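Trainee: I have a structure to look at and would like to go through it with you. Could we take it step by step?

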Amino acid sequence: MPDPDTSGSASSSANGHERRRRSGRRRKRSGEKPSTYAALDLGTNNCRLLIAKELSHGFQIIDSYSKVVRLGHGLAGTGQLSQQSMDAAVEALSVCARKMKSKSVKRWRCVATEACRRAENGEHFLSRVKEETGIALEIISARVEARLAVMGCLNLVDPTKDVALVVDIGGGSTELSWVDIRKLRDPNHEMKTHRPPISAWASLPIGVVTLSERIPETDDRENWYEGMKQIVRETIAEKGCDTRFTRTFEDGKGHIIGTSGTITSLAGIHLKLPYYRRDKVDGLWFRSRDAVRVARNMASRSPEDRAKEPCIGRDRAKLLVAGCAITDVVCEMWPSKMIRVADRGLREGMLMGLMNRKQTIRTLPQQDDVAPTDEAEATE
């Protein structure tokens, strides 16, 4: 593993960021090979890694890894990370460490989110990870998590709107970020790499794991699903964000960007993909009514039936409906004709930060970039 002093983590000083910028300029002048970067996200349910090389116009992913570890399983009831979950996470992180070493990663950022933020034994777990894998995990705040997710998908906004609501549904929490698109349109506005124009944000202490554990599935699936939706509404109200930019959305001047496994799964199901394809899903414009329709259909089906969907599988089948409930409520409270689907977010935001890169908004997509509706709906 590389020396941690060059990792580019949030603990690096401002002088460190400046040194990296100067180093990048020297590398471009001298014609040296581009550095290899890595972004690792240990969440409540998954461990994910991206390894990329810097290009003149962005970066190229050269390796990736994703493993369900269920780090936050049972955390809400005990306040502790379980031994089984920690073992699974350490095993996955060991794979990540080997991949980073094999790709000669020079700069990286490795973060842990909600499960480690909440757990009483979170710091003890991080010490074990460092000792057994060599990876120094950084527990980031919900605010930083939201900012990085926005950085990773900022160029998916609709430039004709005023506000984009970026919805990042995780295992233990859900981050809501309202992005001021007007500043992105303003040629006089200076876009800082690490400061996307977020006008407001909120972190909801519910995600697909925590909500599923809070309200276990029953055979009365209609009431079960409505019960989850009510918890989501109450949590949003408790956070005091239930009226943020709602009038903007009611006036048709806002749209949603969904960056999570929930929205990508719903899009894949709607497209009837025989297997999940990122090239078909990432960047897709998805009608909100279709997203809600698919979400409610998933909620009405048994876990075994849901698992038959090729874009879900057995691992996601029991947790998906909680994400469906969150998506359903967000579409209800912030009405948006379209949702932009993002199979990108936190890790891409970390890579951009390490490379000191920023994104620009693009023109509107062509009609064939919009998810098709059912024939009955297309005739309306």
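Mentor: We shall discuss aromatic pairs, the nonpolar cores, and some helix contacts, bearing in mind that this is a predicted model.

Trainee: How many aromatic pairs does a search of the whole structure find?

Mentor: The search gives 2 aromatic pairs. In one of them, the ring centres of Trp178 and Phe245 are 6.4 Å apart and the planes lie at 25°, so this pair is stacked. Planes under 30 degrees apart count as stacked.

Trainee: Where do Trp178 and Phe245 sit in the chain?

Mentor: Trp178 belongs to strand β7 (residues 174-180), while Phe245 is in the loop between α9 (221-238) and α10 (246-250). They are 67 residues apart, and the pair thus links distant parts of the chain.

Trainee: Is Trp178 buried or exposed? And what about Phe245?

Mentor: Trp178 counts as buried, because its relative accessibility is 0%. Phe245 has a relative accessible area of 25% and is partly exposed.

Trainee: Which residues form the aromatic cluster?

Mentor: The cluster consists of Trp178, Phe245 and Trp334. Away from its neighbours within four places in sequence, Trp334 is in contact with several residues, including Leu165, Leu176, Ile236, Arg244 and Phe249. Trp178 and Phe245 are also among those contacts.

Trainee: Moving on to the largest nonpolar core, which residues touch the most other members?

Mentor: They are Trp178, Met228 and Trp334, in a core of 54 residues. Helix α16 (residues 320-333) gives the most to this core, namely 10 residues. Another core lies apart from it and has 32 residues, among them Cys47, Val90, Phe125 and Leu137.

Trainee: Why would nonpolar side chains be buried together?

Mentor: I can offer a general tendency: in soluble globular proteins, nonpolar side chains tend to be buried together.

Trainee: Back to α16: at what angle do the axes of α11 and α16 cross?

Mentor: The axes of α11 (residues 261-270) and α16 cross at roughly 95° and come within 9 Å. The two helices are therefore roughly perpendicular to each other. Thr262, Ser265 and Leu266 in α11 meet Leu320, Gly323, Cys324 and Thr327 in α16. By class, this contact has 3 nonpolar, 4 polar and no charged residues.

Trainee: Now α17. How many of its residues are buried?

Mentor: Helix α17 (residues 346-355) is mostly covered, with 10 of its 10 residues buried. Arg347 and Glu348 are among the buried residues of α17, as are Leu346 and Met350. Asn356 follows the helix and has a positive phi, near 60°.

Trainee: What do the buried residues of α17 pack against?

Mentor: They pack against strands β1 (36-42), β2 (46-55), β3 (58-68) and β4 (107-112), and against helices α6 (142-153) and α12 (278-281). The axes of α6 and α17 are 6 Å apart, at an angle of about 85°. Hence α6 and α17 are roughly perpendicular to each other.

Trainee: Which residues of α6 meet α17?

Mentor: Glu145, Leu148, Ala149, Met151 and Gly152 do, and their partners in α17 include Leu346, Glu348 and Met352. By class, the contact of α6 with α17 has 6 nonpolar, 3 polar and 2 charged residues.

Trainee: One last residue: where is Val341 found?

Mentor: Val341 is in strand β11 (residues 338-341). Its relative accessibility is 0%, so Val341 counts as buried. Its C-alpha atom is separated by 6.6 Å from that of Ile263, 78 residues apart along the chain. Beyond its neighbours within four places in sequence, the contacts of Val341 include Leu156, Ile263, Ala267, Val281 and Phe286.

Terms used
Residues are numbered from 1 along each chain as its sequence is written. This is a predicted model: local features need pLDDT of at least 70, side-chain atom pairs count only at pLDDT 80 or more; totals for chains, interfaces and linings use all residues. Side-chain values use heavy atoms; hydrogens and water are left out. Rings of Phe, Tyr and Trp (its six-membered ring) pair if their centres lie within 6.5 Å; planes under 30 degrees apart count as stacked, over 60 as edge-to-face and the rest as tilted. Helices (H or I, at least four residues) and strands (E, at least two) are DSSP runs, numbered from the N terminus. Buried means under 20% relative accessible area, exposed over 50%, partly exposed in between (1.4 Å probe, protein chains only). A nonpolar core is a set of buried Ala, Val, Leu, Ile, Met, Phe, Trp, Tyr and Cys residues joined through side-chain atoms within 4.5 Å. Contact means heavy atoms within 4.5 Å. Axes are lines fitted to C-alpha atoms, for helices over the stretch in contact, and angles run from 0 to 180 degrees between N-to-C directions. Angles under 35 degrees count as roughly parallel, over 145 as roughly antiparallel, 65 to 115 as roughly perpendicular and the rest as oblique. Ala, Val, Leu, Ile, Met, Phe, Trp, Tyr, Cys and Pro count as nonpolar, Asp, Glu, Lys and Arg as charged, and the others, Gly among them, as polar.
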